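This report goes through the cysteines, the sheets, the nonpolar cores and one helix of the structure shown below.

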Amino acid sequence: MEKIRETADQYARIFTFSVHNMRNVQLKEIRQEWNHSRFFFGKNKVMMLALGRTAEEEYRENLHKLTQHLQGQMGLLFTNATEKEVLKYFEELYIPDYARSGTVASQTVVLEEGPLTEFTHSIEPQLRQLGLPTQLKRGVIHLLKEHTVCEKGQTLGPEQCRILKLFGHQMSDFHITMEGVWNNSGLWKTFDDQPRHIVPDRVKVKPKVEEKPTDDKADDETSIGLNMEDSAEDDDDEEGQDDDIEDDDDEEEDS
């Protein structure tokens with residue numbers, strides 16, 4: 001609490017922000033790029049107590065209006081950067097990543113019928129286990145018919161996420177939305193009209209065009225086959241990283 005109050009005295013503005021599709025790695029990179037400012041993230045109750053929940057408790061004038069908006073996955077950015085600089089940077093910040101189990105699909109994804117030459121034939125049974133209508137024809141995996149991986153608004157399961165990752169489709173975007181700003185003159189305001197990131201409602205993923213085999217390509221295909229099951233382990237590791245965010249912030253709250 002003392003660190004938060006000290007930081008409030010050192011910077012001209014405090015922005016509240018929300019995080020979408022949280023990724024530890026990206027958040028750390030942003031912290032490093034904005035090392036002239038300070039981020040606090042992870043414990044709303046502590047931030048509310050430090051800045052004041054009511055007009056009687058507030059540390060500085062009108063800070064209780066800021067703390068009333070600290071709900072859910074929210075954080076604070078203390079900075080001397082101008083409002084225009086902050087909004088421009090974060091409005092353009094969309095980092096694509098693979099969707100994780102439990103994510104709500106932002107679009108309908110359809111796999112087109114045809115040969116799947118990017119995969120080695122040995123993983124065809126595993127593709128069928130994931131629910132894909134596949135068959136080997138002369139050593140090449142074929143998708144026998146168009147297949148819908150997910151519908152927009154559907155909560156994704158582990159199998160759907162594995163399919164999207166295997167086909168290289170990054171549905172999730174790590175993004176930070178600035179919700180409001182307080183300045184040291186006591187003025188608080190919210191940002192209600194922010195530009196929306198446009199995502200197509202429906203996309204089709206086409207099988208890659210068959211190319212003349214090369215030694216390098218054969219090695220790549222073998223690698224795809226070997227790493228099929230590893231993709232699930234990667235997802236588990238990434239989910240574990242999110243679980244550590246509060247511990248991570250204990251060390252880096254004032255970084």
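## Cysteines and disulfides

In this predicted model, the count of disulfides comes to 0. A disulfide is a covalent bond between the sulfur atoms of two cysteines, and the criterion applied here asks for a pair of cysteine sulfur atoms within 2.5 Å. The sulfur of Cys-150 has its closest cysteine sulfur in Cys-161, at 8.5 Å, which is too far for a bond. Cys-161 is likewise in no disulfide, the nearest cysteine sulfur being that of Cys-150.

Are these two cysteines buried or exposed? Cys-150 is buried, with a relative accessible area of 1%, and Cys-161 is buried as well, with a relative accessible area of 3%.

## Overall composition

The secondary structure of the protein comes to 10 helices and 12 strands. Of the 255 residues in the protein, 45% are buried. Among contacts between residues at least 6 apart in sequence, 80% join residues at least 24 apart.

## Two three-stranded sheets

One open sheet of 3 strands has the order β9-β5-β12, with mixed pairing. Because β9 (147–150) and β12 (202–205) stand at the edges, each with a single partner strand, one side of each is left without a neighbour in the sheet. Neighbouring strands of this sheet are turned by 30° against each other on average, with direction ignored. Strand β5 (residues 108–111) runs parallel to β12 and is joined to it by 4 bridges, and Val-110 stands opposite Lys-204 in β12. Helix α7 (residues 158–166) packs on the sheet, where it touches β5 and β9, and its direction makes about 115° with that of β9.

Another open sheet, also of 3 strands, follows the order β6-β8-β7 with antiparallel pairing. Its edge strands are β6 (114–115) and β7 (134–137), each of which pairs on one side only. Between β6 and β8, which run antiparallel, there are 2 bridges; the bridge partner of Pro-115 is His-142 in β8.

## Nonpolar cores

In soluble globular proteins, nonpolar side chains tend to be buried together. The largest nonpolar core here holds 23 residues, of which Val-109, Leu-111, Phe-119, Leu-127, Leu-156, Phe-167 and Met-171 touch the most other members. At least two residues of this core are supplied by each of β5, β8 (140–143), β9, α7 and β12, and α7 gives the most, with 4 residues.

Which residues does Phe-167 touch, not counting residues up to four places away in sequence? Phe-167 touches Leu-111, Leu-116, Glu-118, Phe-119, Leu-132 and Val-205. A second, separate core of 20 residues includes Met-22, Leu-77, Phe-174 and Phe-191.

## The two sides of helix α2

Helix α2 (residues 24–33) has as its buried residues Asn-24, Gln-26, Leu-27, Ile-30 and Arg-31. Seen down the axis of α2, these buried residues fall within an arc of 165°, so they line one face of the helix. On the other side of α2, by contrast, Gln-32 and Glu-33 are exposed.

Key:
Residues are numbered from 1 along each chain as its sequence is written. This is a predicted model: local features need pLDDT of at least 70, side-chain atom pairs count only at pLDDT 80 or more; totals for chains, interfaces and linings use all residues. Side-chain values use heavy atoms; hydrogens and water are left out. Buried means under 20% relative accessible area, exposed over 50%, partly exposed in between (1.4 Å probe, protein chains only). The arc is that of the directions from the helix axis to the C-beta atoms. Two strands pair if DSSP finds at least two bridges between them. Axes are lines fitted to C-alpha atoms, for helices over the stretch in contact, and angles run from 0 to 180 degrees between N-to-C directions. Contact means heavy atoms within 4.5 Å. A nonpolar core is a set of buried Ala, Val, Leu, Ile, Met, Phe, Trp, Tyr and Cys residues joined through side-chain atoms within 4.5 Å.
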